[in-house]
Amino acid sequence: MGVKPTEHTLVAFESLPLFEAAAKTKKRGYFLYHELKKRKIIGIQPGMSKSFKLNTFGLSRDQVEYVAKAFIEIAKKYDIPVEDEA
């Protein structure tokens, strides 16, 4: 979840569950970067899984939904509880 939900395109996220999942993988610091890259999503700096910023500027609604679904897929892959997906 975003630290403060906003109306602008740059949102800061803190995700302790992703950070903990990264600690359990062999990729450690590049965990989130590699998971997103597999899904053709770029822009997250390697090594950022505990807190990171995501910018949706210039993305269509479908592209934003694709990114959101990618995070849900990653969470499910690593047994991280996901709240309502709707």
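In helix 3, V67, A70, F71, I74 and A75 are buried, meaning under 20% relative accessible area with a 1.4 Å probe and protein chains only; exposed means over 50%, and partly exposed lies in between. Seen down the helix axis, these buried residues fall within an arc of 135 degrees, so they line one face of helix 3. The arc is taken from the directions that run from the helix axis to the C-beta atoms. R61, D62 and K69 are exposed on the other side of helix 3.

This is a predicted model, in which local features need pLDDT of at least 70 and side-chain atom pairs count only at pLDDT 80 or more, while totals for chains, interfaces and linings use all residues. Residues are numbered from 1 along each chain as its sequence is written, and side-chain values use heavy atoms, with hydrogens and water left out.

What covers that buried face? The cover for the buried residues of helix 3 includes helix 1 (16-23), helix 2 (31-38) and strand 2 (51-55). Helix 3 itself takes in residues 61-77, which is 17 residues. At 1.5 Å a residue it should span 24 Å, and its end C-alpha atoms are 24 Å apart, which agrees. The expected span is 1.5 Å times one less than the number of residues. After helix 3 comes D79, with a positive phi near 55 degrees.

Now the whole chain. It has three helices and two strands. Their order from the N terminus is β-α-α-β-α. Both kinds of element are DSSP runs numbered from the N terminus: helices are H or I with at least four residues, strands E with at least two.

Turn to helix 2. Its buried residues are F31, L32, E35 and L36. Down the helix axis they fall within an arc of 120 degrees, so they too line one face. They pack against helix 1, strand 2 and helix 3. K40 follows helix 2, and its phi is positive, near 60 degrees.

Next, a loop residue. S15 is found between strand 1 (10-14) and helix 1. Is S15 buried or exposed? It is buried, with a relative accessible area of 13%. Leaving aside neighbours within four places in sequence, S15 is in contact (heavy atoms within 4.5 Å) with S49, K50 and F52.

Last, the totals. Buried residues make up 26% of the 86 residues. Among contacts with a separation of 6 or more, 57% are between residues 24 or more positions apart. The chain exposes about 6,700 Å², by the Shrake-Rupley method with a 1.4 Å probe. Carbon and sulfur atoms supply 57% of that area.
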